[in-house]
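This briefing sets out selected features of the structure shown below. The points are grouped by topic for ease of reference.

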Amino acid sequence: MCGIAGLFHCGTPKPVDPARIKRMCDALEHRGPDGEGVWTDAGVGLGHRRLSIIDIEGSPQPMHSADGNAVLVFNGEIYNFRELRRELEGQGATFRTDGDSEVILAAWQRWGVDCLERLHGMFAFALYDRNRKELLLARDRLGVKPLFMAPLSDGSLAFASELKGLLAHPLLRRETDPLAIEDYMTWGYVPDHRSILKGVEKLPAGHFRLLRHGRPAQPPRQWWDVSFADRKKGKDADLSVELLHHVREGVTSRMDADVPLGAFLSGGVDSSSVVALMAESHRDPVTTCSIGFDVAALDETGYAEKVAGLFGTNHYNRTVQPDDFQEIDRLVGMFDEPFADASALPTWRVCQLAREHVTVALSGDGADEAFAGYRRQIFHAREEQARAMLPESLRKPIFGGLGAVWPKADWAPRPLRAKSTLQSLAQDGATGYARSLSVIPPELRQKLFSDDLKRELGEYRAEQPLIDLMRNAPARSGLDRAQYADLKFWLQGDILTKVDRASMSVSLEAREPLLDHRLIEFAAQLPHRARVRGAQGKWLVKHTMERYLPNDILYRPKQGFVTPISDWFRGPLAGEAKAISSSAGLARTGWFNPRALAKIADDHIAKRADHGRILWQLLMLERSIKHLQVVR
C-alpha cells in the first residue's frame, strides 16, 4: 500500500520540476513511510511513497520495466500476480523482483489496456510508456483505492492518491464548488463524481484515462461494471457451495504478505465470516481487533469476544468515548474533503489498535451492498411491490398527502415512523431510494441553505445523479437497482473512503476480501430468494456460514458501526451543538440560514428531534473549510 503523485503535460512536453513532485509525495508520507522515489522526463513526473508489504527490499518505485521503456507508480495490491507472472514468463517476460509492481509493467507491455481485466486486486496506478508517449491512469473495479486529478494553469494534469497531494502544488485553485455543498449536505460525504474544490476530479472506479503528449486530454473510460441483468439457477445447497468457494478465495488470496497480518472483528456476520475462514486456512492464531463504545446499546465487543474465543484469536479491543472528540481536527486532516460518517472515528481508532500489532488487516466491508444486507434495500424491494400495485396517478395524491401531514417522530418506535415511507411511496422507486439514502431531505436543505446558495445551485439536486444511476442500471428489479446504487455510489463515496483514509493515516493496509470482483459478480446474479428471504437480508451468506458461526452471531438484528453522536450532542458535546449556529467559519461562507441552524441545535438538545448526524455534518464542514483554506 502506498501513495502516488505526479504531473503530465498533454500539450507541449514541458520540463517537470522533481522538487514539486517530491512536495506532493511528502504530503502523502503517512501512506508510505518505508521509502520514496521521484522520476521525471520531458512532460511527465511520477512520485511514490512506499509501505512495504510484499518483496520488502526488492520493489522500489517508481519502477522501470525490464527494457526501461515503461515506468510505474502503484498504490494497492495485485492478488493474482504470481499466476500472471508465470503466464508472462511463459511468453518470454523476465523479472528482476519478487513483487506485484513489475508484473503490472510486463502485463501492460504484453496486453496494453486489456491488462486491467487480468488484474485481480485493489489499485490505483500511473504508468508512463516512453515509446508511445502515453500515460495510463487506472483505478480498480470497486474503487477501493482512490485517485484525484486536477488540470493546472500551466497546462499539466496533476494527480495524487489524496487531495492533500494536489494541495501541495502551488497552482491548484482552492475555490469551493457550491454543488459539492449540496452533495455533502445530502449524503454526508462528497461523492466520487464531485470534489469540494472546483476543477478537481476523482477517477471513477473501474475506469482508466489514457493521455498522450500533443493531444487533448481524453475523459475517463469504463473498463468494468457489475451487472444484475442475469440470474443464476440452482438449488440453495449448490449456490451455498459456490458462495463459500468465492468467499474462501477472497480471504485466502488476501492473506499473502511478508509482514504481520490480522483482521478487524466487530462481531457481525461479515467480519466474523472473514475471521472464521482466516482461522481455517492459517496454522497460527489470527490477530483480531475490535472497538467498543461507552453506550451499551451500541457496543458489540461482547459478540466480537465470543467470535474471538470460538477461533482462538489473539484479540484486542478498545473503547471510544466522548473525549475522543478532541481529535476531530485530525479526522478532518485525514479526509481533506468534508466527511461526516461519524463511524470514521471508531474506524480510525480500530486502525490505530491494529497497527500496534499488524501491518495488514482484513475487513468485512462489501457484503451488505452485494448481498442485500441493509434494511433500506429490503424496505425498497417491498415498496416497489406496493408501487407496482397502484398507478402513479393514485400513489402521488394518496401517499403524498399522508406523508405531508404525518408527524416526523424520530423518538417513536419504528412502525410509527412512517413519514419517510409515505413520502417515498409517493415517488418513483429511484427517487424514493435516493431519499432513503440521504441524511438531509430536500425540504430541510431548503430551510438550511441561504438564498445566495440556492441561487447558485439553480435546478441542481444532489439526488439526481443517484436517480439516473438507478434508472440506467443493468438490472431487473428494484432490489437489483438499490444494490447497484449502493455498490456504485455509497460504497465508494462513504465506506471505502472512510476505510482507506483511516487505515492509511496510520500506515496500515486494509484489504476487503468480500469485495473480490468474482464474488461481487456471483452475488449480482443470485435469485432474490438467495439474497432476501422473509425479513432476512443476506440470507445465503448466513445460511452458508452456519457451519462456522452460531445463530446469535448470524441472526441477531443488524447493529451497524454507529457512533453515539446524538447522545454526545445532548451531553458532553452540547456546547459544541449550540456553537454551530454562531460559527464564524460557516457564517463567512454565506451558505446557511443562521436561524435555521440554531433551531436544529435547540431541537436536538431539547429532544424534540434527532439531529445528531446533521450537527456532526455541520461541524465537520466548518473544520474542513478551515483546513482547506478555501476561497468562497
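**Second largest pocket**

The residues lining the second largest pocket comprise eight nonpolar, four polar and five charged residues. The model that contains this pocket is predicted. The points below describe the pocket further, then a sheet, a buried arginine and the chain as a whole.

*Pocket volume and lining*

- The second largest pocket encloses about 350 Å³ of space.
- Its lining consists of 17 residues. Those that lie nearest the centre of the pocket are Asp 192, His 193, Pro 204, Lys 488 and Gln 492.
- At least two lining residues are supplied by each of three elements: strand 10 (201-202), helix 18 (463-471) and helix 19 (478-504).
- Helix 19 provides the largest share of the lining, with three residues.

*Six-stranded sheet*

- Strand 10, which contributes to the pocket lining, also belongs to an open sheet of six strands.
- The strand order in this sheet is 2-3-1-9-8-10, and the pairing is antiparallel.
- Strand 2 (35-41) and strand 10 occupy the edges; each has a single partner strand, so one side of each has no neighbour in the sheet.
- Strand 8 (residues 148-151) and strand 10 run antiparallel and are joined by two bridges.
- Across this pair of strands, Phe 148 is positioned opposite Lys 202 of strand 10.

*Arg 511*

- Arg 511 is located in strand 17, which spans residues 509-511.
- The relative accessibility of Arg 511 is 1%; because buried means under 20%, this residue counts as buried.
- A polar contact of 2.4 Å links the side chain of Arg 511 to the side chain of Glu 509.

*Overall chain*

- The secondary structure of the protein chain includes 28 helices and 17 strands.
- Of its 632 residues, 59% count as buried.
- For a compact globule of 632 residues, a radius of gyration near 26 Å would be expected; the protein chain has 24 Å, and the two values therefore agree.
- Taken along the principal axes, the box filled by the C-alpha atoms of the protein chain is roughly 70 × 60 × 50 Å.

Key: Residues numbered from 1 in each chain as written. Predicted model: local features only at pLDDT ≥ 70, side-chain atom pairs only at ≥ 80, totals over all residues. Heavy atoms only, no water. 1 Å grid on protein atoms, 1.4 Å probe; cavity = no way out; pocket = protein on both sides within 12 Å on 5 of 7 lines; lining within 4 Å. Points joined across faces, edges and corners; volume = space filled by probe spheres on them. Helix = DSSP H or I, 4+ residues; strand = E, 2+ residues; numbered from the N terminus. Nonpolar A, V, L, I, M, F, W, Y, C, P; charged D, E, K, R; others polar. Pairing = 2+ DSSP bridges. Buried < 20%, exposed > 50% of the residue type's maximum accessible area, 1.4 Å probe, protein only. Polar contact = N/O pair within 3.5 Å; in protein donor to acceptor, adjacent residues only side chain to side chain. Rg over C-alpha atoms; globule rule 2.2 N^0.38 Å.
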